[in-house]
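Reader: I would like to go through a model with you. Could you show it first?
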Amino acid sequence: MPEIATMRPGDMVRSFVAEQGLLYPDGNGMVRLPILVRGELRCPEAISRERALSALGTDEYIDTGTVQIMRRPLLDPAAGSQLFVLPTISNPKELIVDPSDHFATGLGRLRANEIAEYLERVGALLGAGTVLSDAVREVSHALDDTPIAYVDAALDELTSAFAPAHTLGAIDRELSFGSVPGRSFLDDWVGLDPAPAGLTARLSGIVHGGGPLPPRAARVHAASTRQLHITAGNSPVIPIISAIRGLSVRGAVTLKMPSGALVAGAALALALRGAGPTHPLTRFSSVAYWRGGDERIEGTLLAPEAFDRIVVWGAPDAVDSVSARCGRTKTLLFNPRYGVSLIGAGALGPDRFHDTVRRAVTDALVWNQKACIASLVLYVECDAEGAHRFAEAVAAELAHWEDRFPSSLSGEANAAVRRARRGGMRHGAWYSNGDP
Amino acid sequence: MSGTLDALLAARQPLQELVTGWAVANELDMRRYTRLHQETTLAAHRHYCATIPAYRTLAEELGMLDCTDPDEIRAELASTDDLFKSYDQTWLDGKDFAAMTSWLRGICSDPLDVDLTGVDTIAGWCDACDRAGVRLWFSSGTTGHISFVPRDRIAAAALERKVEAGLAGIFGGVQAAAEFDAVLLTFQGGNQGLATAADRMSGLTRNQSYLYDFPITPDGIRAAAKGGPAAQGFLDRTVGDLPARYDRMIDAMNRSADADHPVILLGAPFQVADICRRLEERGDRIELPERSMHFVSGGWKSFEGEKISRESLITVVGERLGVQPGRYHESYGMTECSTVSPMCASERFHIPPAIWPMVVDDALVPMSGLGRGRYGFSDPDATSFPGLFITGDEVELTLDPCACGRPGFSMVGEIRRAPGREVKGCGGVMAAVRG
């Protein structure tokens with residue numbers, strides 16, 4: 001396998017992807033995806049579609065022991081499916097780093113501006129128009145019912161998400177203490193104002209006679225943590241954003257690609273490697289896929305002491321499953337939720353009605369209604385007639401969006417609408433913004 | 001009586017002859033069966049459009065009020081099982097029975113002029129609806145979200161007639177049934193599927209012993225499923241006393257054995273298994289008279305994760321009660337349907353031609369060529385609620401001939417809940433009082 005270490009970012013990543021036949025579907029609908037294991041890229045062995053289909057049988061996923069194969073239906077049912085192929089995780093312990101290595105390899109000494117420079121290089125490799133983002137775009141277009149305009153907008157935003165000003169601004173803001181900006185804690189030991197003597201210090205004075213121990217200035221430093229990020233695939237940028245936040249604080253990040261955004265995860269793996277094969281952040285990073293709930297893998301990764309922090313995004317069963325098994329490891333849960341809007345009567349007056357509808361629909365359509373901050377229920381303060389008028393206007397505004405950014409409702413979403421309309425929500429007045 | 005109802009009743013009338021030929025002589029003219037159901041589906045569509053607001057609204061929105069294609073009507077207008085629980089549960093808990101009645105009017109052909117004076121329980125609301133001419137059959141899953149199926153006098157009579165005819169068939173006729181003692185692992189009364197079967201059976205048999213000698217109420221079932229203090233009284237009367245109640249059923253079977261009265265044992269699978277287990281723990285067995293039989297209904301899941309296999313149940317009933325494997329009966333049905341499908345010796349459920357079955361995919365689109373999918377049907381006995389219905393069960397529907405010789409549609413293999421559907425059925429109701 002050609003070594004990406006010898007490449008220059010950009011061109012070399014492009015040629016590596018082409019030579020290895022990665023990220024893009026081949027003529028048979030096979031998509032080969034690399035993973036990153038502590039800085040080393042691993043590409044899956046080549047496998048024919050016939051062999052892959054034979055291994056899958058009627059299942060949607062299989063781990064053959066050398067490769068993992070996943071079947072995803074194309075949006076156009078007549079076009080069949082794509083098969084994603086990734087290397088098997090044969091030894092999950094490889095995804096865990098030894099904390100004693102942090103300083104030995106330089107990770108613990110990285111300064112904030114070095115982190116920002118590294119992330120900028122990653123962003124340059126992932127930004128709009130690159131071979132990596134084009135792959136994300138192509139596969140999203142084929143598989144997801146999100147209008148491509150959303151994907152394009154998100155990929156455009158990626159470059160700024162990796163910009164040094166953004167990285168350092170977030171560090172300064174979110175790691176700050178008092179008036180001390182966050183990057184100071186990453187770069188140095190920061191002296192803080194002495195705290196008043198505590199209870200035990202006063203008791204010490206009694207033990208030794210005289211007054212309590214005089215306060216001494218405390219010094220604080222932000223240490224690296226080993227972080228496991230289990231991410232969601234309702235948007236291809238979620239694994240990337242989750243990784244940015246982990247890497248920004250000098251984390252040794254192991255990221256689980258979501259099944260719904262495998263190509264984005266693989267693109268991130270390539271970008272991290274391309275941004276600096278020997279960089280400490282690359283050497284301590286892993287981006288891999290395993291099937292959620294696989295006890296062989298997760299039993300090891302969720303064991304006490306394996307990670308210092310766990311970040312979980314996703315569906316209720318995924319979040320519940322991980323949070324039930326992660327013991328006392330500090331865990332951040334990005335639970336599934338949905339947003340609602342409460343629209344007062346004042347916003348429905350003749351002078352504001354159309355603006356309110358436009359804003360309500362904009363809030364509803366965040367990531368094509370799939371983001372947890374998308375407002376999925378609009379409560380309006382009015383009588384039934386006013387509610388009907390508002391619903392009609394919302395349907396018209398949605399149709400306007402649909403004209404500009406056409407979307408294809410997935411079979412699953414279409415089925416959900418049909419079921420709701422003929423069961424639990426049959427009593428509602430239904431307004432449609434077009435044929436499914 | 002409305003003109004559309006008259007037309008529906010007239011359209012379904014010839015089906016009775018078809019059902020008789022199917023049941024008695026294993027005969028079925030498929031072309032006539034198909035044509036008659038096309039006619040009844042059209043008649044039902046017109047009746048529902050004229051009288052059931054929720055049905056009419058959907059038909060209107062889809063531009064199908066004047067549709068004359070039965071296949072399209074079944075494909076686009078069949079309701080899912082969620083329709084019968086599409087109310088706001090806070091209305092039940094808040095005793096807002098005016099809101100519940102208003103909801104019910106949406107799915108019922110009857111105008112439901114219900115006097116709610118003094119009504120403060122779900123059972124009281126059901127009684128008030130009954131006085132207004134509509135009886136509510138109910139079923140529940142494990143969450144206590146109760147489904148209510150409104151049957152007017154005509155629909156209720158059709159259901160009871162069908163249940164009775166089905167039971168008489170098991171016994172080999174009404175006269176033969178009168179020689180049996182019935183051991184009924186159900187409540188005595190209450191509009192719930194298994195209780196209705198028991199109620200009809202009690203009218204056919206010589207002696208009856210009920211596991212619960214009082215009616216089942218939706219309030220009790222909901223309280224039991226939801227837990228909390230409200231459940232305690234109900235649970236004390238049921239779960240708290242269950243071992244003694246099982247012993248009384250065992251005593252009743254012993255008395256029948258002593259008197260040489262054949263017994264029919266009716267219950268959900270896990271209940272029958274519980275009784276056999278109790279006998280086993282006591283190192284006891286009962287040799288029931290030769291013609292005794294065992295009739296199972298209500299679903300196979302025990303609702304506690306324990307799955308009982310049919311084969312092991314038949315074996316243990318043979319060992320502990322002396323019922324021969326050939327005297328085992330089972331049927332598949334649900335509260336929303338007036339027709340039950342009996343199982344044959346080849347373990348297929350045969351669908352009587354009183355209904356027209358279909359299987360649909362996740363999007364509720366009927367599958368051409370049959371196969372495995374969500375089970376649905378058109379039931380012309382549903383005169384007061386939409387009888388174009390899609391269940392939450394996954395079945396494999398076939399027209400392939402069966403070794404038993406019964407013609408028409410049948411279900412082969414395991415019946416299981418469709419993904420995401422709550423485990424539900426009479427077995428669920430009974431499981432709520434198992435503890």
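Author: The following exchange covers the interface, a strand of chain B and the overall features of chain A.

Reader: What kind of model is it?

Author: It is a predicted model.

Reader: Let us take the interface. How many residues of chain B are in contact with chain A?

Author: There are 24 residues of chain B in contact with 12 residues of chain A. The two chains bury about 1,400 Å² between them, with 49% of that on carbon and sulfur atoms.

Reader: Which three residues supply the most of the area that chain B buries against chain A?

Author: Those are Leu58(B), Glu61(B) and Ala363(B), which supply 30% of that area.

Reader: And how many salt bridges are there between chain B and chain A?

Author: The count is two. In one salt bridge, Glu61(B) pairs with Arg421(A), and the closest N and O atoms are 2.8 Å apart. Glu61(B) is thus named twice here, as it is also among the three residues that supply 30% of the area buried by chain B.

Reader: How many residue pairs are in polar contact across the interface?

Author: The rule finds 13 such pairs, with both residues at pLDDT 80 or more.

Reader: Which elements of chain B give two or more residues to that side?

Author: They are helix H4 (53-61), helix H5 (70-77), strand S1 (79-80) and helix H7 (97-107) of chain B. By residue class, the side of chain B that touches chain A divides into 14 nonpolar, six charged and four polar residues.

Reader: Turning to strand S13 of chain B, is it mostly covered or mostly open?

Author: Strand S13(B), residues 388-398, is mostly covered, as 10 of its 11 residues are buried.

Reader: Which way do S1(B) and S13(B) run?

Author: They run parallel and are joined by two bridges. Within this pairing, Ser79(B) stands opposite Phe389(B).

Reader: What about S12(B) and S13(B)?

Author: Strand S12(B), residues 371-378, runs antiparallel to S13(B), with seven bridges between them. Ser378(B) has Leu388(B) of S13(B) as its bridge partner.

Reader: And how many bridges link S13(B) with S14(B)?

Author: Five bridges link S13(B) with strand S14(B), residues 410-417, in the antiparallel sense. Thr398(B) has Ser410(B) of S14(B) as its bridge partner.

Reader: Changing topic, how many helices and strands has chain A?

Author: Chain A has 17 helices and 15 strands. Its C-alpha atoms fill a box of roughly 80 × 60 × 40 Å along the principal axes.

Reader: What share of chain A is buried?

Author: Of the 436 residues in chain A, 46% are buried. Among contacts in chain A with a separation of 6 or more, 66% come from residues 24 or more positions apart.

Technical notes
Residues are numbered from 1 along each chain as its sequence is written. Chains are lettered from A and ligands numbered from 1 in the order in which they are written. This is a predicted model: local features need pLDDT of at least 70, side-chain atom pairs count only at pLDDT 80 or more; totals for chains, interfaces and linings use all residues. Side-chain values use heavy atoms; hydrogens and water are left out. Contact means heavy atoms within 4.5 Å. Buried area is the accessible area (1.4 Å probe) that two parts lose on being put together, summed over both. A salt bridge is a side-chain nitrogen of Lys or Arg within 4 Å of a carboxyl oxygen of Asp or Glu. A polar contact is a pair of N or O atoms within 3.5 Å; within protein, one must be able to donate a hydrogen and the other to accept it, and residues adjacent in sequence count only if both atoms are side-chain atoms. Helices (H or I, at least four residues) and strands (E, at least two) are DSSP runs, numbered from the N terminus. Ala, Val, Leu, Ile, Met, Phe, Trp, Tyr, Cys and Pro count as nonpolar, Asp, Glu, Lys and Arg as charged, and the others, Gly among them, as polar. Buried means under 20% relative accessible area, exposed over 50%, partly exposed in between (1.4 Å probe, protein chains only). Two strands pair if DSSP finds at least two bridges between them.
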